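Q: Could you take me through one part of this structure up close, a loop and the sheet it leads into? I'm new to this, so please go step by step.

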Amino acid sequence: MELTPELQEKKRLMIDGLKKTYKVQYDAVQPIPYIKDRLYCVDKVFVEGGVEVCLAPELTRDTGGSWERLEYYKHIYTDSRLNSKRRIIQGEPGYGKSTLTLQLAYDWCNEVWNSSMRKVDILILLRLRQLGGIQSIYRAIKIFLLADEPRVTIDDIKNIIQNCSSVNIILDGYDEYPGRDGNNNNDVDKMIVMELFQNVDVTVTTRYLPKRLIKETKRAKLTGFDDKARDEYIRKAVVGDNEEAVEHIKRRLYENSVLTDICQVPLIFVMFAHMAHDLKQFMEFTSVTQFFKYMIRCFHEHLKRKLDDISAHYFVSVVMTESYLGNALRFLDPVDLQYLYRFACGLHPMLEKTHQPFA
Ligand SMILES: Nc1ncnc2c1ncn2[C@@H]1O[C@H](COP(=O)(O)OP(=O)(O)OP(=O)(O)O)[C@@H](O)[C@H]1O
Ligand SMILES: [Mg+2]
């Protein structure tokens, strides 16, 4: 349906408002979580990590089935094997799901010429951890994306979205969604099972598969950084074309096989790369154990950063106090990398199956 001139104008205001909000977000990628004043534009640091597409026609809850590599993240929206109005992008903690959504937002805002986002009229990117208790997607858009644009109301948003032919919705972090798997019959639930927005492209990123999914849902997963991605990251985000500095970081990385393995995780690798370059102190770590203990503090920051904007102040202020952390660190076995990693990402290893943050 044609928009009235008045709604056309509102749509323009809405798009401008969304772009402003996304810019603040994509300009604030923070590779070392505890250094808050070192923020990067996503496009200046983003590299192609591994993306695979699931070939299984049926939805299985595990990661079984056969997977094939996609060459570029941009193909998530164009590859025929992922052709559907409902898509899931799975990835372990720290594998780059949120960063990928920011890159897509960047592509949309800047009309990047070879991006499928260029053809999208309106991109809605919401962080699911913020949407607890919110029934209406239009209200969520107003509160989290257009709070600074008083000329666009919740009703305007609804009218525009319902009458716009090309809307793309990305919901980031289903595992962090307070209403996950709850069958609350709100707009998020309805979108996922296609009771709402049948003709709108909806992508959900998540660490694990939601319980209720429709069979049309296609899946991709992020598999982390291989050698090529790491090399590219060091050059693009850390040292530029300074060959000597590139070699220095790589030497540090490959001198310990444990480190090499765990640096497949983008969250860990980017911290490692920046620290290896920046910190004299880094050279003084006498053991991998010390290095991991140091990293745990960084992970703790990664977790706190997420919790800042959800109603979980109790969790941060009472449970995750310095003394709690100090105690937990004393008893951690740094050889158990899985444990460290889960701990850092807010998942207690024992509770992981229920996907609850530990407390
Ligand atoms: N493709 C990438 N290019 C460059 N840096 C990346 C990339 N993916 C991830 N990173 C870095 O790793 C950090 C962690 O990634 P991100 O927060 O996107 O992971 P996630 O999968 O959303 O984790 P979680 O499950 O905890 O939400 C980012 O802050 C960013 O610095
Ligand atoms: Mg995330």
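**From a loop into the sheet**

A: Let's start with Phe197, which counts as partly exposed because it has 18 C-beta neighbours inside 10 Å. A residue needs 20 or more such neighbours to be called buried and 12 or fewer to be called exposed, so 18 falls in between. Keep in mind that this is a predicted model.

Where does Phe197 sit? Look in the loop between α6 and β6. Its backbone deserves a look too: the phi of Phe197 is positive, near 60 degrees, even though the residue is not a glycine.

Now find Met194, which is also in the loop between α6 (187-192) and β6. Met194 is another non-glycine residue with a positive phi, this one about 65 degrees. Is Met194 buried, exposed or partly exposed? It is partly exposed, because 18 other C-beta atoms lie within 10 Å.

Follow the chain out of that loop and you come to strand β6, residues 201-206. Strand β6 runs parallel to strand β3 (residues 86-90), and 5 bridges join the two. To see one pairing for yourself, pick Ile88: its bridge partner in β6 is Val204. Strands of a sheet pair through backbone hydrogen bonds, either parallel or antiparallel.

Strand β3 has another partner, β7, and they pair in the parallel sense over 4 bridges. Here you can look for Ile89, which stands opposite Ala220 in β7. Strand β7 (residues 218-224) is mostly covered, with 5 of its 7 residues buried.

Carry on across β7 and you meet β1 (residues 50-54). This time the strands run antiparallel, joined by 4 bridges. One pair to spot here is Gly50, which stands opposite Gly224 in β7.

Time to step back and view the whole sheet. Which order do its strands come in? Reading across, it goes β2-β1-β7-β3-β6-β5-β4, which makes 7 strands in an open sheet with mixed pairing. At the edges are β2 (67-70) and β4 (122-127), each of which pairs on one side only. On average, neighbouring strands of this sheet are turned by 25 degrees against each other, ignoring direction. Alongside its 7 strands, the protein chain has 15 helices.

How does the rest of the chain compare with what you've been looking at? Of its 359 residues, 35% count as buried. Also, among the contacts with a separation of 6 or more, 69% are between residues 24 or more positions apart.

One last stop is ligand 1. Residues from both domain 1 (5-224) and domain 2 (227-354) belong to the shell around it, so ligand 1 lies between the two domains. Which of the 22 residues around ligand 1 come nearest? They are Gly96, Lys97, Ser98, Thr99 and Pro266. The elements giving two or more residues to this shell are α3 (97-109) and α10. By type, the shell has 12 nonpolar, 8 polar and 2 charged residues.

You can also meet α10 (266-278) from another direction: the buried residues of α7 pack against α10 and α8 (243-254). Those buried residues of α7 (residues 227-239) are Arg230, Tyr233, Ile234 and Val238. An α-helix has 3.6 residues a turn, so residues three or four places apart point the same way. Right after α7 comes Gly240, with a positive phi near 70 degrees.

Definitions and conventions:
Residues numbered from 1 in each chain as written. Chains lettered and ligands numbered in written order. Predicted model: local features only at pLDDT ≥ 70, side-chain atom pairs only at ≥ 80, totals over all residues. Contact = placed C-beta atoms within 7 Å. Pairing = 2+ DSSP bridges. Axes fitted to C-alpha atoms, helices over the stretch in contact; angles between N-to-C directions. Near = placed C-beta within 6 Å. Nonpolar A, V, L, I, M, F, W, Y, C, P; charged D, E, K, R; others polar. Domains from an automatic or database assignment.
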